[in-house]
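Good morning, and thank you for making time for this item. I would like to take you through the helix packing and the aromatic contacts of one model.

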Amino acid sequence: MNEGQNVIVKAVIYSVEKANPTLKSLLELHLKTTTGQGFELAYNDPQRFKDAVSKLFGEYSARLLEMLIISYFKEKAGLSEDVNSLEELVEYIKRIYR
């Protein structure tokens, strides 16, 4: 796992645990079962990650998780760029860690 992936995975785990700690294992199992990847899918294919979360928890919950992940970066990393989606966040992280 590269550093950019690692940063996104940590943010996803933190955000899921913030929303509801009991959902972490459920989401990870769902991702591995349906996509063959775990939380790293958020970095590798953000849209597919959001689709998988949406299928499990619903569209609004998927958007809430996406906003929690973005909020994590704004709080913890001092993200100053205007980022409104997981895709934009991943592109930002890729620029930093290239």
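What you see is a predicted model. I begin with helices H1 and H2, the latter covering residues 23–35, whose axes lie 8 Å apart and pack at an angle of about 130°. At that angle H1 is oblique to H2, because the value falls outside the range of 65 to 115 degrees for roughly perpendicular and is not over 145, as roughly antiparallel would require. On the H1 side, the residues involved are Ile-13, Val-16 and Glu-17, and they meet Leu-23, Lys-24 and Leu-27 of H2. Sorted by class, this contact comprises four nonpolar residues and two charged ones, with no polar residue.

Let us stay with H1, which spans residues 3–19 and includes Ser-15. Is Ser-15 buried or exposed? Its relative accessibility is 0%, so Ser-15 counts as buried. Beyond its neighbours within four places in sequence, Ser-15 is in contact with Leu-65, Leu-68, Ile-69 and Tyr-72.

Tyr-72 brings me to the aromatic residues. A pair of aromatic rings is described by the distance of the centres and the angle of the planes. The count here is two aromatic pairs. In one, Tyr-14 and Tyr-72 have ring centres 4.8 Å apart and planes at 45°; the pair is therefore tilted, since that angle is neither under 30 degrees nor over 60. This pair links distant parts of the chain, with Tyr-14 in helix H1 and Tyr-72 in helix H5, 58 residues apart. In the other, the centres of the Tyr-72 and Phe-73 rings are 5.5 Å apart and the planes stand at 90°, so this pair is edge-to-face. Together, Tyr-14, Tyr-72 and Phe-73 form one aromatic cluster.

How does burial vary within that cluster? Tyr-14 has 32% relative accessibility and so counts as partly exposed. Tyr-72, at 18%, counts as buried, because the cut-off is under 20%. Phe-73 is also buried, with a relative accessible area of 4%.

I turn finally to helix H6, residues 86–96, where the buried residues are Leu-86, Leu-89, Val-90, Tyr-92, Ile-93 and Lys-94. Against which helices do the buried residues of H6 pack? They pack against H1, H3 (41–44), H4 (46–57) and H5 (59–76). Lys-94 deserves a separate word: this residue lies over the face of Tyr-43, at 5.3 Å from the ring centre.

That concludes my part, and I welcome your questions.

Notes
Residues numbered from 1 in each chain as written. Predicted model: local features only at pLDDT ≥ 70, side-chain atom pairs only at ≥ 80, totals over all residues. Heavy atoms only, no water. Helix = DSSP H or I, 4+ residues; strand = E, 2+ residues; numbered from the N terminus. Buried < 20%, exposed > 50% of the residue type's maximum accessible area, 1.4 Å probe, protein only. Contact = heavy atoms within 4.5 Å. Phe/Tyr/Trp six-rings, centres within 6.5 Å; stacked < 30°, edge-to-face > 60°. Lys NZ or Arg CZ within 6 Å of the ring centre and 35° of its normal. Axes fitted to C-alpha atoms, helices over the stretch in contact; angles between N-to-C directions. Parallel < 35°, antiparallel > 145°, perpendicular 65-115°, else oblique. Nonpolar A, V, L, I, M, F, W, Y, C, P; charged D, E, K, R; others polar.
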